[in-house]
Amino acid sequence: MLLNLEEILKPAKEYNFAVGAFNVTESTMFQAIVEKAEELKAPVIIQVSPNEFAFSEKELYLYFTERLKKSSNPFALHYDHSKSFAGCAQAMQAGFTSVMYDGSRLSYRENVENIRKVTELAHALGVSVEGEIGAIGETQDFEAGIVADMIYTKPEDAVRFVKVTGVDALAVSIGTVHGLIPKGYTPELQLELLKEIASVVEVPLVLHGGSGTPEDAVAEACHSGIHKVNISSEFKHAYYQSVKEFVTENPTAVSPTLTLKQAVKEVKKVVERKLNVFGAVGMSRYYGKAKPFGAEAAERKTTIKE
Ligand SMILES: [Zn+2]
């Protein structure tokens, strides 16, 4: 079943676990994640970033949406880190059930103004919106272990932001870093800050930069207010390491089905481990007979506060 973000995160908040959100570029990775989620009966969010979205023709997302709708397992299809209204609108048109507008590097006022436009359109179509307040760390120099520009989320800002924008989920900056973690750097999750934010913000909170963050800390975060964890670099790294090993050992190999066979298994291993860390295995049982996406869209009213 294909749900929007609000629908897929609701049981996660109620039963205190997190839904894994995996960034995919093409159908091999997509299929590996979907099959593992179905096998483990875990709700999963498939994410596509703007660069990944631009990489393929839009018909790919027809396949994604049809495949997810047919499944008895709950899924959402999310457009990750859009910096533009147009990008969000295109994703909605392509059948995505959720979008993230990332205005975290803009002024607070601009971030709010822009995301309100996205929320207004999205909610009219039954699509959910994720916003971000504070700024998640970015790897500046992998070899030198330098992380730049982390701005922790302030609880009072988070409350105000959710109220005025009507977002359905909120990404918070509590110590994680996007991408592969630089050498010698250990992300330290601010779990007390997370608990403080979770106690005052009503919508589910999202952890970005989940790859490479110590898993015991991530597991604790998933019981302390985080209900969506984004994973990208970690399973992609496993995928390409496997491809590299295969082509090194078999330099004349030309068959993608052979080259990618082990890579798919490696992706599935990472996905299985992460879904266990998030406490999501077996949780599909809490989704009952959810209405198909779009059934209520016509009646849905925007939640933007004037
Ligand atoms: Zn992110």
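Student: What spacing do the donors of the zinc ion follow along the chain?
Tutor: The model is predicted, and the zinc site in it is built from histidines: H81 and H208 donate through NE2 and ND1 respectively, and H178 through NE2. Along the chain, the donors of the zinc ion follow the spacing H-x96-H-x29-H.

Student: How many residues apart in sequence are the parts that H81 and H208 tie together?
Tutor: H81 lies in strand β4. H208 lies in the loop between β11 (205–207) and α9. The pair therefore ties together parts whose separation in sequence is 127 residues.

Student: Is H81 buried or exposed?
Tutor: Buried means under 20% relative accessible area. H81 has 15% relative accessibility, so H81 counts as buried.

Student: And what is the relative accessibility of H208?
Tutor: H208 also coordinates the zinc ion, through ND1. H208 counts as buried because its relative accessibility is 0%.

Student: How far apart are the end C-alpha atoms of helix α2?
Tutor: Helix α2 covers residues 27–40, which is 14 residues. At 1.5 Å a residue these should span 20 Å. The model agrees with that, since the end C-alpha atoms are apart by 20 Å.

Student: Which residue caps the N-terminal end of α2?
Tutor: The contact runs from a side-chain oxygen to the backbone nitrogen of T28, at 2.6 Å. The residue that supplies this oxygen is E26.

Student: Which residue follows α2, and what is its phi?
Tutor: The residue after α2 has a positive phi, near 50 degrees. That residue is K41.

Student: Which elements do the buried residues of α2 pack against?
Tutor: The buried residues of α2 are M29, F30, A32, I33, V34, K36, A37 and L40. They pack against strands and helices. These are β2 (19–23), β3 (44–48), α4 (59–70), β4 (75–82), α10 (233–249) and α11 (256–277).

Student: K36 is in helix α2; which residues does K36 touch?
Tutor: K36 counts as buried because its relative accessibility is 6%. Residues up to four places away in sequence are not counted here. One of the contacts, K268, is itself a buried residue of α11. The residues that K36 touches are K268, V271 and E272.

Student: What distance does α11 reach from its first C-alpha to its last?
Tutor: α11 has 22 residues, and 32 Å is expected at 1.5 Å a residue. There is also a kink of about 25 degrees in α11, centred on Q262. From first C-alpha to last, α11 reaches 31 Å, close to the expected value.

Student: Which elements are included in what covers the buried residues of α11?
Tutor: The buried residues of α11 are T259, A263, V264, V267, K268, V270, V271, K274, L275 and V277. Just after α11 comes G279, with a positive phi of about 75 degrees. What covers the buried residues includes β2, α2, β3, α9, β12 (226–231) and α10.

Student: How many residues apart are D157 and R160 in helix α7?
Tutor: Their side chains meet in a salt bridge, at 3.7 Å from N to O. D157 counts as buried at 19% relative accessibility, and R160 as partly exposed at 44%. Both are in helix α7 (residues 155–165), and about one helical turn separates them because they are apart by 3 residues.

Student: What is the distance between the closest N and O atoms of E220 and K195?
Tutor: E220 forms a salt bridge with K195, and the cut-off for a salt bridge is 4 Å. This pair links distant parts of the chain: E220 in helix α9 (residues 215–221) and K195 in helix α8 (residues 191–200), 25 residues apart. E220 is partly exposed at 38% relative accessibility, and K195 is partly exposed at 34%. The closest N and O atoms are apart by 4.0 Å.

Student: Which residues are linked with R273 in a network of salt bridges?
Tutor: R273 and E215 meet through their side chains at 3.1 Å, N to O. This pair links distant parts of the chain, R273 in helix α11 and E215 in helix α9, 58 residues apart. R273 is partly exposed with a relative accessible area of 36%, and E215 is partly exposed with 25%. In the network, R273 is linked with E215, E234 and K274.

Student: How many salt bridges does the structure hold?
Tutor: The D157 and R160 pair is one of them, and the R273 and E215 pair is another. The number of salt bridges in the structure is 17.

Definitions and conventions:
Residues are numbered from 1 along each chain as its sequence is written. This is a predicted model: local features need pLDDT of at least 70, side-chain atom pairs count only at pLDDT 80 or more; totals for chains, interfaces and linings use all residues. Side-chain values use heavy atoms; hydrogens and water are left out. Helices (H or I, at least four residues) and strands (E, at least two) are DSSP runs, numbered from the N terminus. The expected span of a helix is 1.5 Å times one less than its number of residues. Buried means under 20% relative accessible area, exposed over 50%, partly exposed in between (1.4 Å probe, protein chains only). Contact means heavy atoms within 4.5 Å. A polar contact is a pair of N or O atoms within 3.5 Å; within protein, one must be able to donate a hydrogen and the other to accept it, and residues adjacent in sequence count only if both atoms are side-chain atoms. Donors are N, O and S atoms within 2.8 Å of the metal (3.2 Å for Na, K and Ca); water is not among the atoms, so sites may look incomplete. The bend at a residue is the angle between axes fitted to the seven residues ending there and the seven starting there.
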